[in-house]
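Hello,

Here is the structure I said I would pass on. Please open it first, then read my notes below.

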Amino acid sequence: MTQADLEAKAKQAVLGYQKADAEAVAKQAIAEGADLVGVIENGFTAGIQEVGELFAQKKLFLPHIMAAAAAMTAGIDILKPELGGKTAGESKGKFVIATIEGDIHSIGKDIVAIMLGVAGFEVLNLGRDIPCDDIVKACIDNKADIVGSSALMTSTMVNQKTLETKLKAAGIRGSIITNVGGAPVSQDWADQIGADVYSENANDCVKKILEAVGD
Ligand code: B12
């Protein structure tokens, strides 16, 4: 099967809420030595983005989103161990990532975390709805080089600003790169709150953070 066919099948599995199909296409991609990052980005991610748009247009409802996310996660879970990532001593930097306080959206953040791992960063994924204080503590405890926060709602974006303030108060803002992302987040917002890097998606994040750490 061609790469394009595998990607189309992965996308269709998410759009059709078919967990078993998502797992099957992931296994097939591995067996055929396909470009697995391509299958994630152009297949599973493209599928969930389309579902997200249909949800926003009220053509789909919450159960659809849950089922599509479950299919995507099942496929990605099979691909993850095959993606490699950093090997000991080669880390490009320690990246702490979390969905910001009050926000439970985790799909995009998890995709970013996977791609950063593939690019050679040591990623500590704290999860979702993580209090700013806990993010700051994780940065200190792990001597993080970069901290990324995800916000999917206009009501939770403000906590990315709180995180900036708390990193300053903890005295570590000068020694850490801050990265913000999420659908309502923009370069303007990053400038407004004083975040170092805004990323539109996983690719953009890897590119800009590699630049920021001087790789
Ligand atoms: C899936 C989804 C859910 C799922 C989440 C499942 C999960 N485990 O994540 C469920 C059903 C649980 C859910 C719940 C809710 N949701 Co919702 N949800 C969505 C939906 C449809 C898609 C989001 C998604 O996963 N997109 C796919 C991923 C791949 O894209 P992404 O998240 O944007 O991530 C990419 C980039 O943004 C970027 N990125 C993301 N994070 C980060 C982080 C860093 C560091 C970087 C660098 C980059 C980066 O890279 C990613 C990969 O390319 C959006 C609609 C939309 N169009 O966004 C609504 C949406 C975000 N939800 C919304 C709402 C209101 C809610 C609820 C309050 C609904 C409710 N009434 O209960 C609750 C939230 C409760 C809470 N406290 O958080 C609204 C927010 C409105 C607003 N502007 O504030 C939206 C926009 C829908 C809408 N149009 O109304 N939701």
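**The ligand and its shell**

The shell around the ligand takes at least three residues from each of two domains, domain 1 (3–82) and domain 2 (94–212). Please keep in mind that this is a predicted model.

Which residues come nearest to the ligand? There are 38 residues around the ligand, and the nearest of them are Gly108, Gly148, Ser150, Gly181 and Asn201. Several elements give two or more residues to this shell. The helices are α3 (36–56), α4 (62–79), α5 (107–118), α7 (154–169) and α9 (202–212). The strands are β3 (146–150) and β4 (177–181).

Which element gives the most to the shell around the ligand? That is α3, with seven residues. By class, the shell has 18 nonpolar residues, 17 polar ones and three charged ones.

**The two domains**

The domain assignment splits the chain into domain 1 (3–82) and domain 2 (94–212). Their C-alpha centres are 25 Å apart. The two domains touch: six residues of domain 1 and four residues of domain 2 make up the contact.

Look at the domain 1 side of that contact. Two elements, α3 and α4, each give two or more residues to it. The largest share comes from α3, with three residues. By class, this side has four nonpolar residues, one polar and one charged.

So far, α3 has come up twice. It gives the most to the shell around the ligand, and it gives the largest share of the side of domain 1 that touches domain 2.

**How α1 packs on α3**

Helix α3 also meets helix α1 (residues 3–15). How do the two lie? Their axes come within 8 Å and cross at roughly 30 degrees. Angles under 35 degrees count as roughly parallel, so α1 is roughly parallel to α3. The crossing is right-handed.

To find the contact in the viewer, start on α1. The residues there are Gln3, Leu6, Glu7, Ala10, Lys11, Val14 and Leu15. On α3, they meet Gly38, Val39, Asn42, Gly43, Phe44, Ala46, Gly47, Ile48, Glu50 and Val51. Taken by class, the residues of this contact are nine nonpolar, five polar and three charged.

**Where to look**

I would begin with α3. Follow it from the ligand shell, where it gives seven residues, to the contact between the domains, where it gives three residues on the domain 1 side. Then turn to α1, which passes α3 in a right-handed crossing.

Best wishes

How values were computed. Residues are numbered from 1 along each chain as its sequence is written. This is a predicted model: local features need pLDDT of at least 70, side-chain atom pairs count only at pLDDT 80 or more; totals for chains, interfaces and linings use all residues. A residue is near a molecule or strand if its C-beta atom, placed from the backbone, lies within 6 Å of it. Helices (H or I, at least four residues) and strands (E, at least two) are DSSP runs, numbered from the N terminus. Ala, Val, Leu, Ile, Met, Phe, Trp, Tyr, Cys and Pro count as nonpolar, Asp, Glu, Lys and Arg as charged, and the others, Gly among them, as polar. Domain bounds come from an automatic or database domain assignment. Two residues are in contact if their C-beta atoms, placed from the backbone, lie within 7 Å. Axes are lines fitted to C-alpha atoms, for helices over the stretch in contact, and angles run from 0 to 180 degrees between N-to-C directions. Angles under 35 degrees count as roughly parallel, over 145 as roughly antiparallel, 65 to 115 as roughly perpendicular and the rest as oblique. A crossing is left-handed if the near helix is turned anticlockwise from the far one by less than a right angle, and right-handed if clockwise.
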